Amino acid sequence: MIPISHNEVIVCPVTTDNETPPAFNEPGCSTITAAEIDPQNKALWLRAKLELPDQVLKNDQPYAIYVYAKTSSRVFFNGHYLGQNGTPSLSANKEFAGLMDTSFYLPPALLTQKHNELILQLSSHHGFLQLKAPIHFIGLGSYALQADSIWQDNWISLIPLGALMMGALYFAVSSFNPYRRQSHLLFFLMAFFAANQLLAELSRYMFSYAYPMHDVRLLLIVSLALGFGCCLWVYNVLKFAEQHRGLWIGGGIALTLAAVLLVPGFDTKTSMAILMPALLSTLLIAYRLTQQQSKKLWLFLLVYSLLSAAIQLSLGRFHDSVFYYLISLVLGFLFVQQAQELSKEQARRKTEEQQVAKLQLKLDQLSQKQTPHKLKISSAGKVEFVSTDTLVYCKAAGDYTELFFSDQKPILYSGNLKELESQLPSTFLRVHRSYVVNTDCIAALEKSTAQQNTAASTGFLLMNNGEQVPVSRRILPMVRSALG
């Protein structure tokens, strides 16, 4: 890409809708730098030099004049008309808005000299934002540049885009879990804002759009960055602030909005929308460290300090690919920390549930001793009621079930084990697909020997009547926990 010469750009105001370039010596013409070219809310002619290196003159590949700018344009190269992008005009009602990025094919016959003259007619009446730099690039490049080279530079941005979109989907689903709804909803919003911001950035390379849409795109990028920054700040306040969280959240968002509104340039506004929450989070964590020393707090302080420093060092171009890799890393770090906390919370909850289950079993055992449960048994044409406190264990026998007691002979129950289990009190525990035992009658839990061990059993229960009941491998941990 070879830009026009930075200095000695001559601009003249357009006074009529004449499509013929002026002589550039009329009253009102002036010499400016390329960075000062500004056709917003007016129409102008400009003449600039384009110095071509020898390799371009000797190369036989096709070239084009590129105009990346918020403007409609008409282009002449060494006095030859190349074409127009939209219809530049002196008045807004006659101007047809051109594309934000366009190219004009340059016939090889025109590339014969080192020193060249480029003349453009520009007008930009349809935008609603006044940009500090509406002209991004004017110059010569390979004709295939727009289709190939731009994506060669930007395809790598698809990696963080995919990661952010997958993260947004995961957090959206996991936010339905009541135990982690608040934090994962914020994670979803952060991933959603960052992914859509990247899409808005890439949209310029994905499809062509008229230059007034560029104002919409810039506002969208800043708004999405602001949404991400505010969610990041809310997450950190909820995590690290113990009191006055509403004041912390409101004050931080107000400071971020003020910074975004006051700084010039949309690139800087985008960066500031993330920088302010990162700096405020760093200060909040530092304040928290004065109250409580913690390795985790120091780790968070390091991460947000590095993020803040990285944004400040790349303030002018932070909105490019740097942003998405940093944000992906920060979100990954936060998610890992959240996952570790969730794992600890689940382990603590599981321990509590096991303790509650043990307590409930003890209460049930006490209730069983005080008021033994009666089991109705139909056998040999008669019905009898037996006390479950003397029932040691039950063994499946096809469509029947054998009942083993501590004080009487076994009885055959006319029903399968599953039906019987539903009638037994909670002091009875299924330890094998064929066995249900009375936990009050367990003397010990022991491992199976090599001779006793089978594919379905790795241990056995020694009952108080001297008999052994196998315990299945799958149920063994639960049995051990219940008896612990």
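The bend at a residue is the angle between two axes, one fitted to the seven residues ending there and one to the seven starting there. By that yardstick, helix α7 bends by about 30 degrees at methionine 272. Helices (H or I, at least four residues) and strands (E, at least two) are DSSP runs, numbered from the N terminus.

This is a predicted model, where local features need pLDDT of at least 70, side-chain atom pairs count only at pLDDT 80 or more, and totals for chains, interfaces and linings use all residues. Residues are numbered from 1 along each chain as its sequence is written, and side-chain values use heavy atoms, with hydrogens and water left out.

**Two helices**

The expected span of a helix is 1.5 Å times one less than its number of residues.

| Helix | Residues | Expected span | Distance between end C-alpha atoms |
|---|---|---|---|
| α6 | 245–262 (18 residues) | 26 Å | 26 Å |
| α7 | 266–291 (26 residues) | 38 Å | 38 Å |

The buried residues of α6 are Ile249, Gly252, Thr256, Ala259 and Val260. Buried means under 20% relative accessible area, exposed over 50%, partly exposed in between (1.4 Å probe, protein chains only). Seen down the axis of α6, the buried residues fall within an arc of 105 degrees, so they line one face of the helix. That arc is taken from the directions from the helix axis to the C-beta atoms. On the other side of α6, Gly246, Leu247, Leu261 and Leu262 are exposed.

**An open sheet**

Five strands form an open sheet, ordered β15-β14-β13-β17-β16, with antiparallel pairing. Two strands pair if DSSP finds at least two bridges between them. β15 (411–413) and β16 (428–432) stand at the edges with a single partner strand each, so one side of each lacks a neighbour in the sheet. β16 is joined to β17 (residues 435–438) by 4 bridges. Histidine 432 has tyrosine 435 in β17 as its bridge partner.
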